[in-house]
Each structure stands twice: as C-alpha cells, then as structure tokens.
Amino acid sequence: MAGVVEELVKKAGGCAVIDGGFATQLEALGADINDSLWSAACLITKPHLIKEVHMQYLEAGADVIISSSYQATIPGFLARGLLLEEAEGLLRTSVQLAREARDEFWKSTLRSSKPVYNRALVAASIGSYGAYLADGSEYSGSYGDDVTSEKLKDFHRRRLQVLANAGPDLIAFEAIPNKMEAKALVELLEEENIQVPSWICFSSVDGKHLCSGESFGDCLEILNASEKVAIVGVNCTPPQFVEGIIRDFKKQTKKAIAVYPNSGEVWDGRAKRWLPVECFGRKSFDVMARRWQEAGASLVGGCCRTTPSTIRAVSNALKSRNGQ
Ligand SMILES: C[S+](C)CC[C@H](N)C(=O)O
Ligand SMILES: N[C@@H](CCS)C(=O)O
Ligand SMILES: [Zn+2]
C-alpha cells in the first residue's frame with residue numbers, strides 16, 4: 001500500500017471511510033446534472049455546490065473525498081465550446097475545490113476541543129471512456145470494435161497528466177467496465193510515470209465479473225504487476241455482491257481493497273434515470289460495512305444514490321468498532 005494510504009488506514013483503525021455518491025448529493029442540493037457532462041457540468045455553473053458536497057461528506061466522517069472530475073473530460077468541455085486552457089483549468093479546479101474543502105474542514109477540526117476526524121485525502125476522479133460517451137456503456141463495457149487500447153490511452157492521457165499535477169493525494173479510476181481499459185490505464189500510468197498512487201476500481205452488474213463479462217482475476221493479474229496501482233476494488237456495483245467480491249479479490253491480490261457500492265438501484269443509460277430494483281439504505285450499509293471490513297476491505301464508502309447519511313452510518317459503524 002502507498003505510504004499515505006497505509007498511514008490513513010492505520011489511523012482509521014484498519015478501515016478508512018470513502019465518501020458517498022457525489023453526483024447524487026449535488027442533485028440533492030439542487031444542481032441540474034441532466035447534462036452530457038453529468039456532475040462535471042457544475043464545474044462550469046455551480047462550483048460552490050461542489051465544495052459544499054465535499055464539506056458534507058467530510059462532516060459525515062469521510063477519510064477520503066473524491067473530486068468532481070468523474071465525467072470532466074477535455075473533449076467533453078471542448079464540445080461545450082470551451083478552449084483547451086479552460087478545459088484544463090476546470091480539471092485543476094476540481095482538485096482545488098476538494099483540497100480547499102479538506103483544508104478548511106481540517107483547520108476547523110483542529111480548533112475543536114475533541115477531534116474525532118482524520119485529515120482526509122483527496123482522490124482525483126477519472127471515470128471510464130464509457131462515462132464520457134454517456135450512452136450506458138459504462139455499465140456494459142461494450143465500446144464497439146473501433147475502440148482500441150491506443151484510442152483509450154489517448155482519451156485518458158492529458159486528463160491524467162493534468163489531474164496528477166494538480167496536487168491530489170491519490171488518483172481514483174472509477175467504474176472501469178472492461179479489461180482493455182484496465183490494461184490501457186496501467187500502461188498509461190507507467191508510460192507517463194505518474195507518481196501519485198492510484199486506485200483502479202471496476203464496476204460489476206453480476207458480482208462475478210466486470211460489466212463486460214470479463215474475469216476479475218485476469219484484470220487483477222494486470223493490476224498486480226504495477227507498482228503504480230496501490231489499491232484495487234469495485235464501485236458503483238450493487239452492495240449485495242460486495243462481500244463475495246472482496247473474498248474473491250482476497251485470493252487474487254495482495255493490494256489493499258476499496259469497495260464503494262451504489263444503493264443497488266440500476267442506471268438506465270438510455271432513459272438516464274435510476275430504476276429502483278433493490279435499494280439498500282443507510283441501515284443496511286452500516287451492517288454491511290462491518291462485514292466488508294471483516295472480509296478484508298481496507299477502504300469502504302458509497303457510490304451513486306448513497307448520501308452523507310449513508311457515510312455517517314458507515315463511519316460510525318467502522319470507527320466505533322475500530323476504537324476511534
Ligand atoms: C455513474 S452513471 C449514473 C453516470 C452518468 C452517465 N455517464 C451519463 O452521463 O449518462
Ligand atoms: N465519484 C462519482 C462516481 C460515479 S459512478 C460520483 O460519486 O458521482
Ligand atoms: Zn456511481
């Protein structure tokens with residue numbers, strides 16, 4: 001595990017808390033994210049809400065906050081009529097807003113007489129190519145025959161460079177749906193010699209494979225071979241699958257494991273709405289979080305449709321048992 005992460009996990013008593021659904025909470029605060037840039041549209045229109053969401057997750061007990069750059073891409077911003085410098089500036093802003101929130105929150109915590117928080121880490125989010133396409137392929141992993149590994153690397157390269165240079169503690173590759181993209185990302189981290197430790201988290205719809213149907217084991221083999229990857233895991237995956245996934249990962253990797261599932265609802269990529277298939281609230285998350293720690297997760301949080309109240313419940317459940 002990378003030094004900063006190891007230290008944080010230790011301070012958190014063995015399992016650090018990741019924040020919850022970022023776009024979900026932006027929406028709850030009144031942002032309109034029905035947009036091809038999804039939550040990243042707020043980098044242009046409502047940056048103050050982004051900082052507010054980070055603050056709410058810090059107050060809820062998050063040890064790691066994830067920046068607003070999941071669907072912030074250079075081609076996406078250019079298509080919106082922005083200049084290249086402006087697009088790169090917005091990527092930097094996403095890390096800056098998270099760092100400002102972390103620093104302000106930490107300062108106020110130090111001033112309070114009974115600090116119950118850890119100084120949080122900032123992870124710069126990088127969503128998949130499918131997230132940029134916004135056509136549902138982030139949950140199918142089907143990018144079509146014309147998408148090659150080189151094309152994926154070219155798509156990710158400049159955003160990765162800009163975000164890594166913006167001063168995050170970690171890079172968080174989120175909801176990666178297929179093996180070609182996982183391999184391209186590992187190669188890119190090496191080619192660009194990225195010094196910021198990364199996590200690569202997959203998405204799954206069946207709990208046994210990536211969304212593409214490819215095996216976790218084959219992908220973990222690729223991730224295991226890279227020192228640039230500090231943490232592996234799953235996110236935006238139904239929570240009922242997570243315990244089994246951790247046990248499966250444990251047999252196939254020595255890297256730290258992060259899990260931050262969604263609420264169990266399913267995203268309809270065409271209609272652009274969540275289908276309430278089987279929804280798990282904060283009550284179930286606190287029980288499940290303990291089981292995920294027991295199964296071997298070192299970082300636990302929530303993804304889409306989870307909220308600060310979910311993360312407060314997870315934080316209370318894990319930190320009370322870990323003696324914090
Ligand atoms: C994690 S999904 C709910 C993100 C939204 C999608 N990429 C879109 O823009 O439609
Ligand atoms: N960090 C992103 C992930 C979406 S799958 C969010 O929480 O909105
Ligand atoms: Zn999600």
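Helices (H or I, at least four residues) and strands (E, at least two) are taken here as DSSP runs, numbered from the N terminus. The structure is a predicted model, in which local features require pLDDT of at least 70 and side-chain atom pairs count only at pLDDT 80 or more, whereas totals for chains, interfaces and linings use all residues. Residues are numbered from 1 along each chain as its sequence is written, chains are lettered from A and ligands numbered from 1 in the order in which they are written, and side-chain values use heavy atoms, with hydrogens and water left out.

Within this scheme, Cys236 is placed in the loop between strand 6 and helix 11, and its phi is positive, at about 45°, although the residue is not a glycine. Cys236 has a relative accessible area of 4% and is therefore buried, a term that denotes under 20% relative accessible area, with exposed meaning over 50% and partly exposed the range in between (1.4 Å probe, protein chains only). The SG atom of Cys236, together with those of Cys303 and Cys304, coordinates the zinc ion (ligand 3) at 2.2 to 2.4 Å; donors are N, O and S atoms within 2.8 Å of the metal (3.2 Å for Na, K and Ca), and sites may look incomplete, as water is not among the atoms. The site of the zinc ion (ligand 3) is tetrahedral, with angles of 96 to 129° among its four donor atoms, under a criterion that requires all angles of four donors to lie between 85 and 135 degrees. For reference, the ideal angle for four tetrahedral donors at a metal is 109.5 degrees. The donor residues of the zinc ion (ligand 3) follow the spacing C-x66-C-C in sequence. Distant parts of the chain are linked by the pair Cys236 and Cys304, which are 68 residues apart, with Cys304 in the loop between strand 10 (299-300) and helix 13 (308-321). Cys304, like Cys236, is buried, and Cys303 also counts as buried, at 10% relative accessibility.

With a disulfide defined as a pair of cysteine sulfur atoms within 2.5 Å, the count of disulfides comes to zero. Cys219 accordingly takes part in no disulfide, and the nearest cysteine sulfur, belonging to Cys211, is 11 Å away; Cys219 is buried, with a relative accessible area of 0%.

Two further ligands were examined through the residues around them, a residue being included if one of its heavy atoms lies within 4 Å of the molecule. The surroundings of ligand 2 comprise Gly20, Gly21, Phe22, Ala23, Trp38, Tyr70, Glu174, Cys236, Cys303 and Cys304. Backbone N or O atoms of Phe22 and Ala23 lie 2.8 Å and 3.0 Å, respectively, from an oxygen atom of ligand 2, and a polar side-chain atom of Glu174 lies 2.9 Å from a nitrogen atom of ligand 2. Around ligand 1 are found Trp38, Tyr70, Gln71, Ala131, Ala134, Glu138, Tyr139, Trp267, Lys272, Trp274 and Cys304. An N or O atom in the side chain of Gln71 is 2.6 Å from an oxygen atom of ligand 1, a polar side-chain atom of Lys272 is 2.7 Å from an oxygen atom of ligand 1, and a polar backbone atom of Ala131 is 3.3 Å from a nitrogen atom of the ligand.

Glu265 is situated in the loop between strand 7 (256-260) and strand 8 (266-268) and counts as buried at 9% relative accessibility. Its side chain makes a polar contact of 2.5 Å with the side chain of Ser263 and another, of 3.0 Å, with that of Arg305; such a contact is a pair of N or O atoms within 3.5 Å, of which, within protein, one must be able to donate a hydrogen and the other to accept it, residues adjacent in sequence counting only if both atoms are side-chain atoms.

Helix 4 (residues 47-60) contains 14 residues and reaches 20 Å from its first C-alpha to its last, close to the 20 Å expected at 1.5 Å a residue, where the expected span is 1.5 Å times one less than the number of residues. Helix 4 is mostly covered, 10 of its 14 residues being buried, among them Leu49, Ile50, His54 and Tyr57. Gly61, with a positive phi near 115°, follows helix 4. A positive phi, near 45°, is also assigned to Asn193, a residue other than glycine, which lies in the loop between helix 9 (179-191) and strand 5 (198-202) and is partly exposed, with a relative accessible area of 43%.

Technical notes: Four donors count as tetrahedral if all angles lie between 85 and 135 degrees; four count as square planar and six as octahedral if opposite donors are over 155 degrees apart and all others between 65 and 115; anything else is irregular.
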